[in-house]
Amino acid sequence: MLDIALSREEPWPDRDWEALADRAARAAIDRTPHGELLTIPAAVELSVRLASDAEVQALNRRYRHKDRPTNVLSFPMIQPDLLETVTGNSDDGEVLLGDIVLAYGVCAREAAERRIALEIHAAHLIVHGALHLLGYDHIDDNEADRMEAIEIDALASLGIADPYLIEED
């Protein structure tokens with residue numbers, strides 16, 4: 001059973017972010033070989049933090065040695081190669097997938113540039129972040145293509161257009 005722990009800081013507007021995060025994370029997870037995380041008896045926890053640019057910049061500086069805010073950061077709690085072992089052995093336990101942190105200013109600016117609602121862009125970034133928690137990455141072209149295809153499929157299931165086509169317009 002997936003449980004989303006969401007926290008929101010100013011200047012993120014008051015919306016039903018928890019429901020959006022839940023739908024986006026479920027859509028992402030369901031389209032991977034780890035889809036069983038949505039149905040196992042264990043409590044599967046994922047944290048989403050809607051933060052300020054300053055907070056994300058501090059995290060990015062500390063953990064990635066990049067002194068600037070970025071749209072989304074993901075902090076996995078389980079190594080991807082251990083996910084199958086954990087899910088198979090957690091019938092009464094707890095699986096902590098990790099944390100996803102979004103920066104308001106960066107997200108709002110990117111949404112405005114793409115002429116899409118902030119909620120749509122946030123959903124995309126939560127899908128993206130959830131895939132990172134499951135071990136997906138975009139370091140090389142093959143991995144990037146695989147991750148992008150899952151994102152497009154997950155977003156389509158939420159009624160959201162392919163964000164990569166929007167970026168190219």
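# Exercises: a buried histidine, a sheet and its cores

At 3% relative accessibility, H121 counts as buried. Keep in mind that this is a predicted model. Let's work through it piece by piece.

**Exercise 1.** Work out where H121 sits and which residues it contacts, leaving aside neighbours within four places in sequence.

*Solution.*
- Step 1: Find the element. H121 belongs to helix α5, which covers residues 118–133.
- Step 2: Check the burial. Buried means under 20% relative accessible area, so H121, at 3%, makes the cut.
- Step 3: List the contacts. Once neighbours within four places in sequence are set aside, H121 touches C107, E110, A111, R114 and I116.

**Exercise 2.** Put the strands of the sheet in order and find which ones stand at the edges.

*Solution.*
- Step 1: Read across the sheet. Its four strands come in the order β1-β2-β4-β3, the sheet is open, and the pairing is mixed.
- Step 2: Look for strands with a single partner. These are β1 and β3 (72–76), so each has one side without a neighbour in the sheet.
- Step 3: Check the turn between neighbours. Direction ignored, neighbouring strands are turned by 15° against each other on average.
- Step 4: Zoom in on one pair. Strands β1 (residues 2–8) and β2 (residues 43–51) run parallel and are joined by seven bridges.
- Step 5: Match up some residues. L2 is opposite V44 in β2, and I4 is opposite L46 in β2.

**Exercise 3.** Describe how helices α1 and α2 lie on the strands.

*Solution.*
- Step 1: Start with α1. This helix lies across β1, β2 and β4 (94–103), and runs at about 135° to β1.
- Step 2: Follow the chain. β1, α1 (residues 17–30) and β2 together make a β-α-β unit, and it is left-handed.
- Step 3: Move on to α2. Helix α2 (residues 53–64) lies across β2, β3 and β4, at about 50° to β3.

**Exercise 4.** Sort out the aromatic pairs that involve W12, and say what kind of pairs they are.

*Solution.*
- Step 1: Count first. The structure has three aromatic pairs.
- Step 2: Take W12 and W17. Their ring centres are 5.2 Å apart with the planes at 85°, so this pair is edge-to-face.
- Step 3: Take W12 and Y104. This pair is edge-to-face too, with 5.2 Å centre to centre and 75° between the planes.
- Step 4: Locate the partners. W12 is in the loop between β1 and α1, while Y104 is in helix α4 (residues 104–114), so the pair ties together parts 92 residues apart in sequence.
- Step 5: Compare burial. W12 is buried at 1% relative accessibility, W17 is buried at 3%, and Y104 is partly exposed at 23%.
- Step 6: Put it together. W12, W17 and Y104 make up one aromatic cluster.

**Exercise 5.** Find the residues that touch the most other members of the largest nonpolar core, then look at L46.

*Solution.*
- Step 1: Pick out the residues. The core has 42 residues, and L2, L46, V48, L97, I100 and L102 touch the most other members.
- Step 2: See which elements contribute. At least two residues each come from β1, α1, β2, β4, α5 and α6 (141–157). The biggest giver is α5, with nine residues.
- Step 3: Look at L46. Not counting residues up to four places away in sequence, its contacts include L2, I4, A25, L97, I100, A130 and L133.
- Step 4: Don't miss the other core. It lies apart and has six residues, among them A51, V101, A103 and V106.

How values were computed. Residues are numbered from 1 along each chain as its sequence is written. This is a predicted model: local features need pLDDT of at least 70, side-chain atom pairs count only at pLDDT 80 or more; totals for chains, interfaces and linings use all residues. Side-chain values use heavy atoms; hydrogens and water are left out. Buried means under 20% relative accessible area, exposed over 50%, partly exposed in between (1.4 Å probe, protein chains only). Contact means heavy atoms within 4.5 Å. Two strands pair if DSSP finds at least two bridges between them. A crossover is right-handed if, with the strands pointing away from the viewer, the path from the first strand over the helix to the second runs clockwise. Axes are lines fitted to C-alpha atoms, for helices over the stretch in contact, and angles run from 0 to 180 degrees between N-to-C directions. Rings of Phe, Tyr and Trp (its six-membered ring) pair if their centres lie within 6.5 Å; planes under 30 degrees apart count as stacked, over 60 as edge-to-face and the rest as tilted. A nonpolar core is a set of buried Ala, Val, Leu, Ile, Met, Phe, Trp, Tyr and Cys residues joined through side-chain atoms within 4.5 Å.
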